[in-house]
Amino acid sequence: MQNTNNSKCQHIVIYGDGLAAQMTVAALATQAPPQIKITWIGSGNAAPEDVFYGGVTTPSAYDFNLAAGVAEPEVVLESDAAFSYGTRYTHWGLAKGNWIQSFHVPFPVIDGVLFNHYLSQQGIYELEPFLTSAIAAKNGAFAHPPEGGGTALSRAEYGYQFDSATYGALFEKSAGKNGVKKIVSEISRIESESAGIRSIVLADGQTLTADLYIDCSGPQALLLSSLKVSFQKGRRIAAVAEVKAAAGPGAPVRTISGNEFGWTAETPLQNGVALMSVFDPESQGDIQSDLSKVEVTLGCREAAWSGNCVAIGQAAGVLEPLTPAPMVLLQRDIERLLSLLPITREMSVERREFNRLYADDFDHADLFNRSLFEGPDFPDTPYWRAARHLPADEKLTNKIAQFESRGLHVAYDLEPFNQEDWTIMHYGMGRRPARYDRIADQASPAKVGAYLANMRREIDETVKAMPSHRIYMEGLTRFLKQQNGLRP
Amino acid sequence: RGHLIRYEFGVFLPPSWVAVMMGQNLFPTGYDPRADRMPTDDLKQKAETMRRHILQSVDASPDHAAYIKQFGAASDTGPIVAKAG
C-alpha cells in the first residue's frame with residue numbers, strides 16, 4: 001500500500017445491486033460532502049437474498065428515507081409499499097400464540113409509574129386493548145397519527161410494508177438525482193493485501209482504486225471476504241417467496257404464522273400481497289412448492305470493517321426476518337457509516353468504533369429475534385430444533401428473568417428495540433410479571449381503574465372512526481396526486 | 001475527528017465531554033466530513049448569531065450576588081421571616 005495514509009479520503013466505491021446498495025448509495029449521495037467522489041458498481045444481477053430483509057420497516061424508516069432523499073409521498077406514489085403497524089404472530093408455538101407486535105410511542109407514565117405496571121396491579125391480563133396500533137391493525141384500519149400528542153391515534157406509530165424491487169428503486173432514483181448512477185459490470189478480480197483492498201479490476205479490464213470500499217454485495221460479501229474476514233456461522237434457513245396481485249392493500253400488518261416446518265409471512269402491499277415461507281433446508285421434501293428456493297446462513301462477520309473495506313447489510317451479517325431486525329440493522333449500518341466517514345486513508349479510529357457498535361447492534365437485534373423462541377413448546381422438527389438449540393444468551397436470560405420477576409425492562413446500550421417493543425413481545429409470548437412497581441400503590445385504585453377503562457374506550461372509539469387501510473390509501477393517493485398536479 | 005463515543009445511559013451528556021476535552025486543550029485535528037456540506041458563510045453567520053444572543057442574554061442578567069440579595073437570601077442580610085396574609 002502506498003505510504004499516503006494522511007491523504008484525504010476522496011473516492012468511495014460501493015459494490016452491490018440490491019436493497020443495501022441502493023439505500024447506501026442514496027444516503028451517501030445526499031449526505032456525504034461534495035468533495036467525495038462516489039462510484040457505484042453492480043453486477044446487474046438480481047439480489048434474491050433481499051427477501052431475507054423481510055419487507056417491513058419500523059417507524060424509523062421515515063426519517064432515514066427523508067435523509068436519503070426519499071420523501072413519503074414518493075413511497076406512496078412510486079412504489080408498492082403500504083403502511084405497517086407491525087407484525088401479527090399467529091399459531092406461534094404449540095400453544096398457538098396470537099398477538100400483534102405493533103409499533104408504539106413510549107408508554108404513558110402515570111404518577112411516576114409506567115402504565116403497564118398498573119395492568120399488573122389491576123390483574124388485567126391483556127396489553128393489546130391498550131395499544132391503538134394493535135387494535136387498528138386488528139380492524140384493518142389505518143390513519144396517520146396527528147401532530148402533537150394527547151390522543152389515542154397519536155400513539156399509533158407506523159412503518160412500511162414493501163417489496164424490495166419497487167422500494168429499492170426509490171433510493172436508486174434519489175441517488176441518480178444526486179449524480180450517482182450504477183455502473184453495471186462484473187468484478188474480474190480484487191487486488192487485496194493484508195492492509196486492505198488495493199484495487200478492483202472490472203470485467204472490461206478497467207481498474208478502480210478508491211480510498212474506501214463499501215461492500216453491499218449481500219451474504220457472499222465479495223469485497224470483505226477477499227480480506228479473509230471470516231463468517232461466524234449460525235443456522236441455515238431457506239425461503240420461497242412470491243408476490244400475488246391484489247385489488248388493494250389488506251390490513252396494515254404483516255402476518256407471520258408458525259407451522260410445523262417453520263413459518264410463513266403474508267405482507268399486504270398497495271396492490272398485492274407478498275408471500276414467503278421460511279423453513280430448514282433439510283425439510284425441503286415436506287414443503288410443497290414449485291417456486292425457486294433461496295437459502296442463507298444466519299450469523300455475522302468477525303468484523304464488519306476490515307482495512308479500507310466496510311460491509312453494510314447482509315454482507316456484514318444476516319438475521320432472520322422474523323421481526324423488522326434486518327431492516328433496522330441495515331438502516332443502522334448506513335447511519336453508523338455516515339457518522340464515521342473517514343477523513344483520511346488512515347481510518348483505524350473509525351474502523352474500531354464502527355466494529356464495536358456493529359457487534360453490539362447485531363447482538364441486541366438478535367436477542368429480540370431469539371426471544372420468539374423462548375417458550376415452552378414448539379414442534380420437534382429441524383427448523384424449530386435448530387432455532388431453539390442455541391447456547392443460552394446471558395443478556396436475553398437476564399431480560400426475561402427481570403421482566404417475569406417484576407416487570408423491569410433491562411436495557412442494554414443503544415439497543416435497536418425499545419421498552420415498548422420488548423414489553424409487547426413479552427406479553428405476546430405469554431410472559432407476565434409476578435410483581436409490579438410498588439410505587440403504583442400510591443395512586444388510588446379507583447382512579448387507576450377509571451384511567452385504564454377510559455384509555456380502552458378511547459382507543460375503541462378512535463379505531464371505529466378510522467377508515468380501512470384501502471380507503472385511506474385511495475384517499476391519500478388521490479390527494480398526493482392532486483398536490484403534484486398529476487391526474488388522480 | 002471530534003467524535004464523541006455515546007453511551008445511551010452515560011452520566012454525562014456530549015456537551016459536557018466537549019467542554020472537558022477542550023478545557024484541557026484536547027482539540028480535534030479533524031471533523032465530521034459531513035460538515036463540509038454547509039457553506040462556510042452560513043456557518044459563520046449562524047455562529048455569530050449564537051454568540052451575539054448569548055452575549056446579550058448574559059449582559060442582561062443581573063449580578064449573582066445582587067440576584068440572591070433580591071430574595072433576601074444572602075448571608076449578610078437578616079433571616080427571612082414569612083409574612084402572614
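## Basis of the report

Helices (H or I, at least four residues) and strands (E, at least two) are taken as DSSP runs, numbered from the N terminus. The structure is a predicted model, in which local features need pLDDT of at least 70 and side-chain atom pairs count only at pLDDT 80 or more, while totals for chains, interfaces and linings use all residues. Residues are numbered from 1 along each chain as its sequence is written, chains are lettered from A and ligands numbered from 1 in the order in which they are written, and side-chain values use heavy atoms, with hydrogens and water left out.

## The largest pocket

The largest pocket (an open set of points on a 1 Å grid over the protein atoms alone, where a 1.4 Å probe fits, with protein on both sides within 12 Å along at least five of seven lines) holds about 940 Å³ of space, a volume being the space filled by probe spheres set on points joined across faces, edges and corners. Its lining, meaning residues with an atom within 4 Å of a point, comprises 30 residues, of which Arg332(A), Glu335(A), Leu414(A), Glu415(A) and Pro416(A) are the closest to the centre.

In chain A, helices H8 (325-339), H9 (348-370) and H12 (419-428) each give two or more residues to this lining, and H8(A) gives the most, with 6 residues. By class, the lining of the largest pocket has 11 nonpolar residues (Ala, Val, Leu, Ile, Met, Phe, Trp, Tyr, Cys and Pro), 11 charged (Asp, Glu, Lys and Arg) and 8 polar (the others, Gly among them).

## The second largest pocket

About 770 Å³ of space lies in the second largest pocket, which is lined by 26 residues, with Gly2(B), His3(B), Leu4(B), Ile5(B) and Met21(B) the closest to its centre. The elements that give two or more residues to this lining are H9 of chain A and helix H1 (14-23) of chain B; the largest share, 5 residues, comes from H1(B). The lining of the second largest pocket divides into 16 nonpolar, 4 polar and 6 charged residues.
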